[in-house]
Amino acid sequence: MRNIIVTGGSRGIGLGIVRKLATSGFQVIAISRTRGTGLDTVIKDAAEEGVGRVSYFQQDLGDIEALSDAARELRRQFGPIYGVVNNAGIGMSGLLCNMHATDIERLTRLNIISPLVFTKHLLRSMLAARAGRIVNISSIVAVTGYQGISAYSATKSAMLGFTRSLAREVGSVGITVNAILPGFVETEMTLDMDDASKRKIAHRSALGRLTTIDDVANTVDYLVSDQAHGITGSLMVVDAGATA
């Protein structure tokens, strides 16, 4: 059973990805600072269904210095790592001119530095096996922008360059690297968006709705599958047609 790590896997999009990958037969390791009842339910369901498995690994991904030891412990507990879904991140709204420097630094640490460093350490297992899958969860605002989230958009744009360059670095040994750019999803990260704004986004989408967690999870499931072995360096927009 192949091991797939999902960061930020205890809630929202991450939890949806964990659930989907378990139903596809992976051993999924959900990483987050706190576990949560939603993940407990997914762990229980996976055990009862008997197709894939779900485990929890507690780690503060903002603690950059601890990521090397975390990667080593993951390999010790679970064996070779086949893939990683870099989903963990924080959203923070506010005009840049009013944003405190410490908030910008926090965004950068968790949304950029953490996935780069963690992927670096997890790559060693994939390089040894000459196979692997890396999926980076970015955002549609990385290319479209959106008022009041310039710092957040900048961090998500960074993941696009990371995806394309790393795809070229590791492609020759059978590792694929892709990014997913979700549209606005109904999660904790959109709680401060009013209903009128959500309706406006849904109205201008080709499908007439917001992006769903399942939309994103299903795309991740495809990208880590054997069917996607010929796709790398791709930036896949999953936004219900908002940018069509």
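This is a short tour of a predicted model, stop by stop, with something to select at each one.

**Stop 1: strand β5**

Start by selecting residues 132-137, which form β5. Is this strand enclosed or open? Six of its six residues are buried, so β5 is largely enclosed by the rest of the structure. Now show the side chains and look at the two faces. In a regular strand the side chains alternate between the two faces of the sheet. Here Gly 132, Ile 134 and Asn 136 sit on one side, with Arg 133, Val 135 and Ile 137 on the other, and all of them are buried.

**Stop 2: the neighbours of β5**

Add β4, residues 83-86, to the selection: β4 and β5 run parallel and are joined by four bridges. For a landmark, pick Gly 83, whose bridge partner in β5 is Arg 133. To get from β4 to β5 the chain passes through α4, and this β-α-β crossover is right-handed. If you want to trace it, α4 covers residues 101-129.

Next bring in β6, residues 175-182. This strand is also parallel to β5, with six bridges between them. Asn 136 stands opposite Ala 179 in β6, so label that pair while you are here.

**Stop 3: the β2-α2-β3 unit**

Hide that and select residues 27-32 and 53-58, which are β2 and β3. They pair in the parallel sense over six bridges. Which residue of β3 is the bridge partner of Ile 29? Click on Ser 55 and you have it. Then show helix α2, residues 37-49: together with β2 and β3 it makes a right-handed β-α-β unit.

**Stop 4: Thr 211**

Jump to Thr 211, in the loop between α7 (195-204) and α8 (213-223). Is this loop residue buried or exposed? Thr 211 counts as buried, at 4% relative accessibility. Turn on its surroundings: leaving out residues up to four places away in sequence, Thr 211 touches Gly 183, Phe 184, Val 185, Glu 186, Val 216, Val 238, Asp 239 and Ala 240. Draw a distance from the Thr 211 side chain to Gly 183 as well; a polar atom of that side chain lies 3.5 Å from the backbone nitrogen of Gly 183.

**Stop 5: two positive phi values**

Most residues other than glycine have a negative phi. Two places to check against that are Ala 240 and Arg 130. Ala 240, one of the contacts of Thr 211, has a phi near 60 degrees. You'll find Ala 240 in the segment after β7 (235-238), and it is buried, with a relative accessible area of 9%.

Arg 130 is not a glycine either, and its phi is about 55 degrees. Look for it in the loop between α4 and β5. Arg 130 is exposed, at 52% relative accessible area.

**Stop 6: a charge over a ring**

Select Arg 2 and Tyr 82 together. The charged end of Arg 2 sits over the Tyr 82 ring, 4.2 Å from the ring's centre.

**Last stop: Gln 227**

Finish at Gln 227, in the loop between α8 and β7. Gln 227 counts as exposed, with 59% relative accessibility. Its side chain makes a polar contact with the side chain of Ser 225, at 3.2 Å. For a sense of scale, draw a line between the C-alpha atoms of Gln 227 and Phe 57: they are 170 residues apart along the chain and separated by 28 Å.

Terms used. Residues are numbered from 1 along each chain as its sequence is written. This is a predicted model: local features need pLDDT of at least 70, side-chain atom pairs count only at pLDDT 80 or more; totals for chains, interfaces and linings use all residues. Side-chain values use heavy atoms; hydrogens and water are left out. Helices (H or I, at least four residues) and strands (E, at least two) are DSSP runs, numbered from the N terminus. Buried means under 20% relative accessible area, exposed over 50%, partly exposed in between (1.4 Å probe, protein chains only). A polar contact is a pair of N or O atoms within 3.5 Å; within protein, one must be able to donate a hydrogen and the other to accept it, and residues adjacent in sequence count only if both atoms are side-chain atoms. Contact means heavy atoms within 4.5 Å. A charge sits over a ring if NZ of Lys or CZ of Arg is within 6 Å of the ring centre and within 35 degrees of the ring normal. Two strands pair if DSSP finds at least two bridges between them. A crossover is right-handed if, with the strands pointing away from the viewer, the path from the first strand over the helix to the second runs clockwise.
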